[in-house]
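Colleague: Could we go through this model together, one topic at a time? Please explain each term when it comes up.

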Amino acid sequence: MEVRKLQKSFWKKLGITLLLTVSVFGLVACGDKKDDQKTISVYNWGLYIDPNVLDMFEEETGIKVQYDEFSTNEDMYIKVKSGGSKYDIIIPSDYMIEKMIKEDMLAELNFDNIPNYANVDDQFKNLAYDPDGKYSVPYMWGTVGIVYNKTMVEEPITSWNALWDEKYKKQIFMLDSPRDSIGVALKLMGYGFNAENTEQLEIAKEKLIEQRPLVLSYVVDEVRDAMLAGEAAMALVWSGEGMYLTWNDENLEYVIPEEGSNIWFDSIVIPKDAPHKEEAEAFINFLCRPDIAKLNVEEIGYATPIPAAQELLAPEIKDDPMGYPSADIIAKCEVFRDPGEFLSEYDRVWTEVKASK
Amino acid sequence: MKKKWFSYPYLLWMLLFTVIPMALILYYSLTDTVNGETVFTLANFQKFFQPVYLKVLWHSLVLAFYCTVGCLLIGYPMAAILANQHFVKKKFLIMLIMLPTWMNILLRTYAWMTILERNGVLNSFLGFFGIEPMQFLYTEGAVIMGMIYNFLPFMVLPIYSVLVKMDKSLIEAAEDLGANRIQIFRKVTFPLSAPGVISGIVMVFMPAVSTFVISRLLGGGQFALIGNLIEQQFLWVGDWNFGSALSIVMMVLILLSMAVLNRYDKDKEAGGSLW
């Protein structure tokens, strides 16, 4: 009796499991059917938009937005490259856009549908990663610099050399991001932020190994809490983090060293297989409207490439020379280029730096 | 006959989630994409045998070894004490050991960061006694400590489950025959608990050698361990072939170490071993 009951319930469970499996597959297969509704799928960095903007867009245009987030360019690339996920809008960084253009993954934009593109500052158009400006519209930009604690560092920092100053042994945070940390070493050795050959990388490697004993730790997101807690005297950070830290602790100061820095862009693109290209272009147009761009900047703290939006910001934000550096500083900054296969050399060098202890 | 039917869903499960992924990893590790074409090659394994990657592997093994020894030294007495408690108390204490493992490993590790940092709990505590703040976080010691903390239950539980089933009359017999406590431990208790110790060692060593979260957070990304290297290949470089080769090397190493341990595990009946 007991056994039969058990068996019966087993078959019941198995049946339910099978039913569920079939229905999940069924749903996936039927997923395309909803297409005739106007819905665009957007794939953006985590915490990188004002959520109200999406509602406003839906209200104004009647186009629904399905919104997904990624945490690194590489995550996004692997997901999009493997296919199956049909996004209409993606917002990756410069070097990744260059790679995607090379691999023919992006659609050419129809700028007739994006009149607000005229709002974008001309100096941010047609940059090296998209030289003809056919595929991308800049969304946010920023730099890399040093944030330092004025109570622990006596003299103002002006140079990348500060990160190699013996005085601050075990009080320096570096970025746990091979391209940024190696880039700074390259710059200091007189090269550009993009290594041209293995020799330059080897020289940068020696420089970073020399710095190893001074570095307290290689961090990314932890840097916010650690700098606010006074864990270290200085840190290599992206400008958004730098701005956030200076806004939250008056003892912290963000600088872009005088040698010049890396300037990066996150730009809006449409993948080649996007099902709703026209609606996606309407979305890009919407994001380029000054009042909308202003909302996004206020939410996330990075710099907008739209001057009319910058004008709408509070004076202490829009006039901050470190958040919105002047043209002559920008002129000294370089954009990251896609290193292609060379990327694995960066990885090897970085591993050697890490393993050098 | 019916018995066979029962196993089919499990077979399907294993095929889908064990056999096929393993085959994929093996395939990736033995191939490379050259000019858009996939070719079979051993280059990925060859790449691994460069000094820098061997150094990374060696460092991972050393850290995992320290962690395992630490867990054994702390875990064995803990398990022995637990096994000798009254039933109700025992259940409660086991619960206390298990409880932290219900919490996410990231959260537990972040908590240690708060304790160990320069202006953290530990340094403030030492400050009361006039001791200057020391650098605990971002050191090798912090990584090993984090590993021991996270993996200790995996050592305690298998040893405990063997000790608690042990026949107490054997110890009484040894006492009757005039053995002192050290002799009893060396000749009776420890050999009988060996299967638990071995599965404890395996269960601690394996996650310890491949961890990347703990070394990233508590070591501050200063220590390139094999787990970090694999993560880097997949998420940053996008070199799935080399990443797969690294994973295969790891798996072979773990298999080998288990085989070695297995030789010392004579009492297979006790069911403590994974082999």
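Modeller: Let us begin with Lys318(A), which has a relative accessible area of 18% and is therefore buried. Buried means under 20% relative accessible area, exposed means over 50%, and partly exposed is in between (1.4 Å probe, protein chains only). This is a predicted model, in which local features need pLDDT of at least 70, side-chain atom pairs count only at pLDDT 80 or more, and totals for chains, interfaces and linings use all residues. Residues are numbered from 1 along each chain as its sequence is written, chains are lettered from A and ligands numbered from 1 in the order in which they are written, and side-chain values use heavy atoms, with hydrogens and water left out.

Colleague: Which side chain does Lys318(A) meet in a salt bridge?

Modeller: Its partner is Glu311(A), at 3.5 Å from N to O. A salt bridge is a side-chain nitrogen of Lys or Arg within 4 Å of a carboxyl oxygen of Asp or Glu. Glu311(A) is exposed, because its relative accessible area is 52%.

Colleague: How many salt bridges does the structure hold over all chains?

Modeller: There are 25 over all chains. One of them joins the side chains of Lys272(A) and Asp104(A), at 2.7 Å from N to O. That pair links distant parts of the chain, 168 residues apart: Lys272(A) is in the loop between β9 and α9 of chain A, and Asp104(A) is in the loop between α4 (94-102) and β4 (136-149). Helices (H or I, at least four residues) and strands (E, at least two) are DSSP runs, numbered from the N terminus.

Colleague: Why does Lys272(A) count as partly exposed?

Modeller: Lys272(A) counts as partly exposed because its relative accessibility is 48%. Asp104(A) also has 48% relative accessibility, so Asp104(A) counts as partly exposed.

Colleague: And where do Glu298(A) and Lys294(A) lie?

Modeller: Both are in helix α10 of chain A, 4 residues apart, about one turn of the helix. Their salt bridge has its closest N and O atoms 3.6 Å apart. An α-helix has 3.6 residues a turn, so residues three or four places apart point the same way.

Colleague: Which residues are linked in a network of salt bridges?

Modeller: The network consists of Glu202(A), Lys205(A), Glu345(A), Arg348(A) and Glu352(A).

Colleague: Let us change topic. How many aromatic pairs does a search of the whole structure find?

Modeller: The search finds 33 over all chains. In one of them, Trp45(A) and Tyr48(A), the ring centres are 6.5 Å apart and the planes are at 65 degrees, so the pair is edge-to-face. Rings of Phe, Tyr and Trp (its six-membered ring) pair if their centres lie within 6.5 Å; planes under 30 degrees apart count as stacked, over 60 as edge-to-face and the rest as tilted. Tyr48(A) is buried, with a relative accessible area of 5%. The rings of Trp264(A) and Tyr302(A) are also edge-to-face, because their planes are at 70 degrees, with centres 5.1 Å apart. Here Trp264(A) is in strand β9 (residues 263-269) and Tyr302(A) in the loop between α10 (290-300) and α11 (307-311) of chain A, 38 residues apart.

Colleague: Are Trp264(A) and Tyr302(A) buried or exposed?

Modeller: Both are buried. They belong to one aromatic cluster, whose members include Tyr43(A), Phe70(A), Tyr87(A) and Tyr139(A).

Colleague: Now the two chains. How many residues of chain B are in contact with chain A?

Modeller: In chain B, 31 residues are in contact with 35 residues of chain A, where contact means heavy atoms within 4.5 Å. The chains bury about 2,800 Å² between them, 58% of it on carbon and sulfur atoms. Buried area is the accessible area (1.4 Å probe) that two parts lose on being put together, summed over both. Within chain B, Tyr138(B), Gln222(B) and Trp236(B) lose the most area to chain A, together 25% of what that side buries.

Colleague: Which side chains meet in a salt bridge between Arg216(B) and chain A?

Modeller: Arg216(B) meets Asp176(A), at 3.5 Å from N to O. The rule finds 1 salt bridge across this interface.
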